[in-house]
Amino acid sequence: MIEKKTNISAMTVLILGLATIALPLYLTVVIAFKQPSEMTNSISGILSLPKTWSLNNFKEAMEITDFWHSLRNSLLITGLSVVLSITVHSLMGYALGRNKAKSKFYSFVYLFIVSGMFVPFAILMMPLAKQTAELGLANWFGVIILYVVFYMPMNVLLYSGYLVNIPMALEEAAKVDGTSTWRTYWKIIFPIMKPMHATVAVLTALAVWNDVMTPLVIMAGSGENTLPLAQLNFQSQFGTNYNLAFASYLLSLIPILIFYVICQKQILNGVVNGAVK
Amino acid sequence: MKNERKRTFLLITIPILALFICFNTIPLIRGVIYSFTNFKGFGSYDWVGLRNYADLFTDARVGRSYWFTFKLAVVTTIVVNVLSLLLALALNSHIRAKSFFRGAYFLPNILGSLVVAYIFNYFFTYILPALADMIGIEALRTSILSNPATAWIGVMVVCAWQAIAMNTIIYISGLQTVPEDVYEAGGLDGATGWKQFKYLTFPLIIPFFSINMVLCIKNFLMVFDQIMALTKGGPAQSTESISYLIYNNGMSGGQFGFQSANAVVFFIVIVIVSVAQMKFSSKKEEQL
């Protein structure tokens, strides 16, 4: 193959485009470190680097938003939602995927669940706020249950689609040995679906971590916050102190940025798999 | 043996299906029921039949929110798809630091849209006017978010900034499915540049184009976080998205019943749009 030259025009477009991504992030960092007295209305005043790199804004922002508490809630909700989604949705994907071709009941259940993708949160929001309150689930636990339900259509679709590639022969061999269906699933099928678990984990984690609406509607009265909810709830308390507000924004972005730097490849693969399937 | 397998499948399916019905189907039905009442969200209520639906179609505020949401969804979808196709073509060509660029361009997608919108709120309120002042562009000297005629553009920019990341990555995976020899063969027939894109590249990545259209329209029709952080529906209710209106007036504005009717209509609209898109794109793919 002939070695091709670097495409100069493409490079130019990409570098210019990169500026539009970098600028908001740069702004966030410099404003988060500045003092209110350093903020002037001129462009140079806004874009210049802070005089000192003091962490005081972050300390104060952490206190106002109860950062560690919100972070703990966000981690707990995201972690449990991911684990439960992988367990519950892969089981459901297995049961439906293996039976929907030959059973009317299973193919109906499959369509019933997958068509849940069309239901916008807006229509469920008000009844769910009532229902979770009635059931004593207007808290982080209720939010997790709802995530397991909301992402079920998408994830069941992904799992049962993936199952088509796993030959029945594997299960039949185990059946001959007298292993139960339940054990066969955990011993053979579940490990084979590992690439799909990664996709589901990434999609679910990103969606849950950044979601505002569900915790806003369900947990609002519980006095607990997730990271995005904390930003929303404490917005009024920052007043015009943008430096504190930006310190708080930056703090809430750091965990996902770290996650992205570490698992960039898995995230990109997961997102593409999820969308293209 | 066979019975054991059947029983296990039923024991898996029934509880999970029950969970789904409990937190998806039942609230959906309850939403439909509330839409026939004058429920305020508390206290007692009466049946009002179809009055909420009749009111819905004459309510100016609801009409405005549909107009705004659809305008936003259509314009943003076009902007996002044009720009992300362009970026994907650039990212897929022979460039240096390819994986760095791909990683960087996907970054906006993983950030929480609420916080992103807060950051852009500051940008539109303070930085853009200061910049306009310096260069002397009169029209941008006040925040675009404070003008009912331009606020939607601010929302559009923020939505696009994040969505481009996602669509670009999908277009790249589409472009990677186009074999190199297609271009070589096309090159012999004189297909280069725009012609090559129009006759070779684009037809081959149409499935990915459909995915992006479906993703875009659906996400933008449900826009909420960005509105919450940028405009809260203002100024003069010019940027109230349907979801925001349902949340705002339904949850705390005493319009539980009325907004339930709005949500039912919104649900039907989403279903129609999704089904129409799927029909349309599967037809397009068949033609190839």
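How much area is buried between domain 1 of chain A and domain 2 of chain A? Keep that in mind while you click around; this is a predicted model.

**Stop 1: the two domains.** Select residues 8-54 of chain A and give them a colour: that's domain 1. Then pick 58-276 in chain A for domain 2. If you mark the C-alpha centre of each domain, you'll find the two centres 34 Å apart.

**Stop 2: where they meet.** Now zoom in on the place where the domains touch. Here 11 residues of domain 1 of chain A are in contact with eight residues of domain 2 of chain A. And the answer to the opening question: about 730 Å² is buried between them, with carbon and sulfur atoms giving 75% of that area. On the domain 1 side, show A:Thr28, A:Ile31 and A:Ala32 as sticks, since these three lose the most area to domain 2 of chain A, together 57% of what that side buries. Sorted by class, the domain 1 side that touches domain 2 has seven nonpolar, three polar and one charged residues.

Hunting for salt bridges across this interface? The rule finds zero. What it does find is two residue pairs in polar contact, both at pLDDT 80 or more.

**Stop 3: a pair of rings.** Next, show the aromatic side chains: the structure holds 38 aromatic pairs over all chains. One to select is A:Tyr242 with B:Tyr126, an edge-to-face pair at 5.2 Å centre to centre, with 70 degrees between the planes. Why is it called edge-to-face? Because planes over 60 degrees apart count that way. Colour by chain and you'll see this pair cross from helix H15 (residues 242-276) of chain A to helix H5 (residues 113-135) of chain B.

Notes. Residues numbered from 1 in each chain as written. Chains lettered and ligands numbered in written order. Heavy atoms only, no water. Domains from an automatic or database assignment. Contact = heavy atoms within 4.5 Å. Buried area = accessible area lost by both parts, 1.4 Å probe. Salt bridge = Lys/Arg side-chain N within 4 Å of Asp/Glu carboxyl O. Polar contact = N/O pair within 3.5 Å; in protein donor to acceptor, adjacent residues only side chain to side chain. Nonpolar A, V, L, I, M, F, W, Y, C, P; charged D, E, K, R; others polar. Phe/Tyr/Trp six-rings, centres within 6.5 Å; stacked < 30°, edge-to-face > 60°. Helix = DSSP H or I, 4+ residues; strand = E, 2+ residues; numbered from the N terminus.
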